[in-house]
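Below is a report on one protein chain. Look over the sequence and the model before reading on.

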Amino acid sequence: MSNILITGGAGNIGSALASKLAKDSKNNIVIVDNLLTGTLSKIPKAENIKFIKANINEYNDVAPVFGSHKFDFVFHYAAVVGVRRTLENPMMVLNDIEGIKSILSLSKNT
């Protein structure tokens with residue numbers, strides 16, 4: 001049995017990955033997304049998928065997720081996407097870098 005975290009799982013790529021992985025009932029999938037660009041309708045409906053609304057760039061939002069699950073695999077797809085969003089919100093891109101650091105640190109230490 002594999003415990004899998006997919007950040008940004010309410011977006012196009014993350015939800016497609018979750019859908020594929022959920023076909024194997026031995027996979028327990030946790031999707032974390034703040035729904036800034038993703039939508040609930042993209043999250044696959046399956047018994048082995050759990051959704052948590054949280055901002056992956058906020059350490060205090062994501063640390064409890066790692067604390068309550070022992071992940072075997074982490075797929076990090078949470079990020080500001082699109083040239084327009086990036087140009088209009090450059091600080092959000094810098095926040096994404098902090099999110100990556102948090103995900104790496106928590107993955108390593110749990």
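The report covers the overall fold, the nonpolar cores, the largest pocket and four single residues.

**Overall fold**

This is a predicted model. The protein has four helices and four strands. Their order along the sequence is β-α-β-β-α-β-α-α. The radius of gyration is 13 Å, close to the 13 Å from the globule rule for 110 residues, so the protein is as compact as a globular protein of that length. Along the principal axes, the C-alpha atoms fill a box of roughly 40 × 30 × 15 Å.

Burial and contact range fill in the picture. Of the 110 residues, 36% count as buried. Take the contacts between residues at least 6 apart in sequence: 59% of them join residues at least 24 apart.

**Nonpolar cores**

In soluble globular proteins, nonpolar side chains tend to be buried together. Which residues have the most contacts inside the largest nonpolar core? They are Leu5, Val30, Val32, Val65 and Phe66, in a core of 13 residues. Strand 2 (27–33), helix 2 (59–68) and helix 4 (90–109) each supply at least two residues of this core. Helix 2 gives the largest share, three residues. Another core lies apart from this one. That second core has ten residues, including Ala10, Ile29, Ile43 and Ile49.

Two members of the largest core deserve a look at their contacts. Leaving out residues up to four places away in sequence, Val30 touches Ile4, Leu5, Ile6, Lys50, Ile52, Val65, His69 and Phe71. Phe66 sits in helix 2. Is Phe66 buried or exposed? Its relative accessible area is 3%, under the 20% cut-off, so Phe66 counts as buried. With the sequence neighbours up to four places away again set aside, Phe66 touches Leu5, Phe71, Val74, Ile103, Leu106, Ser107 and Thr110. Leu5 and Phe71 thus appear in the contact lists of both Val30 and Phe66.

**The largest pocket**

Rolling a probe the size of a water molecule over the atoms shows where empty space is left. In this model the largest pocket has a volume of about 500 Å³. How many residues line the largest pocket? There are 25, and Thr37, Tyr77, Ala78, Ala79 and Val80 lie nearest its centre. Helix 1 (12–22), strand 2 and helix 4 are the elements that give two or more residues to the lining. By class, the lining has eleven nonpolar, ten polar and four charged residues. Strand 2 and helix 4 therefore serve twice: each supplies at least two residues of the largest core, and each gives two or more residues to the pocket lining.

**Single residues**

Gly9 lies in the loop between strand 1 (2–7) and helix 1. Gly9 is buried, with a relative accessible area of 0%. Beyond residues up to four places away in sequence, Gly9 touches Gly14, Ser15, Ile31, Val32, Asp33 and Ile43. One of these, Val32, is among the residues with the most contacts inside the largest core. Another, Ile43, belongs to the core of ten residues.

Leu35 is in the loop between strand 2 and strand 3 (49–53). At 24% relative accessibility, Leu35 counts as partly exposed. Most residues other than glycine have a negative phi. Phi of Leu35 is near 65°, a positive value in a residue other than glycine.

Leu104 is found in helix 4. Is this leucine buried or exposed? Leu104 counts as exposed, at 57% relative accessibility.

Three residue pairs bring together positions separated along the chain. The table gives the C-alpha separations.

| Pair | Residues apart along the chain | C-alpha separation |
|---|---|---|
| Gly9 and Ile43 | 34 residues | 6.8 Å |
| Leu104 and His76 | 28 residues | 9.5 Å |
| Phe66 and Asn3 | 63 residues | 11 Å |

The Gly9 and Ile43 pair is also a contact.

Terms used
Residues are numbered from 1 along each chain as its sequence is written. This is a predicted model: local features need pLDDT of at least 70, side-chain atom pairs count only at pLDDT 80 or more; totals for chains, interfaces and linings use all residues. Side-chain values use heavy atoms; hydrogens and water are left out. A nonpolar core is a set of buried Ala, Val, Leu, Ile, Met, Phe, Trp, Tyr and Cys residues joined through side-chain atoms within 4.5 Å. Buried means under 20% relative accessible area, exposed over 50%, partly exposed in between (1.4 Å probe, protein chains only). Contact means heavy atoms within 4.5 Å. On a 1 Å grid over the protein atoms alone, a cavity is a set of points where a 1.4 Å probe fits but cannot get out, and a pocket is an open set with protein on both sides within 12 Å along at least five of seven lines; lining residues have an atom within 4 Å of a point. Grid points are joined across faces, edges and corners, and a volume is the space filled by probe spheres set on the points. Ala, Val, Leu, Ile, Met, Phe, Trp, Tyr, Cys and Pro count as nonpolar, Asp, Glu, Lys and Arg as charged, and the others, Gly among them, as polar. The radius of gyration is taken over C-alpha atoms; the globule rule is 2.2 Å times the number of residues to the power 0.38.
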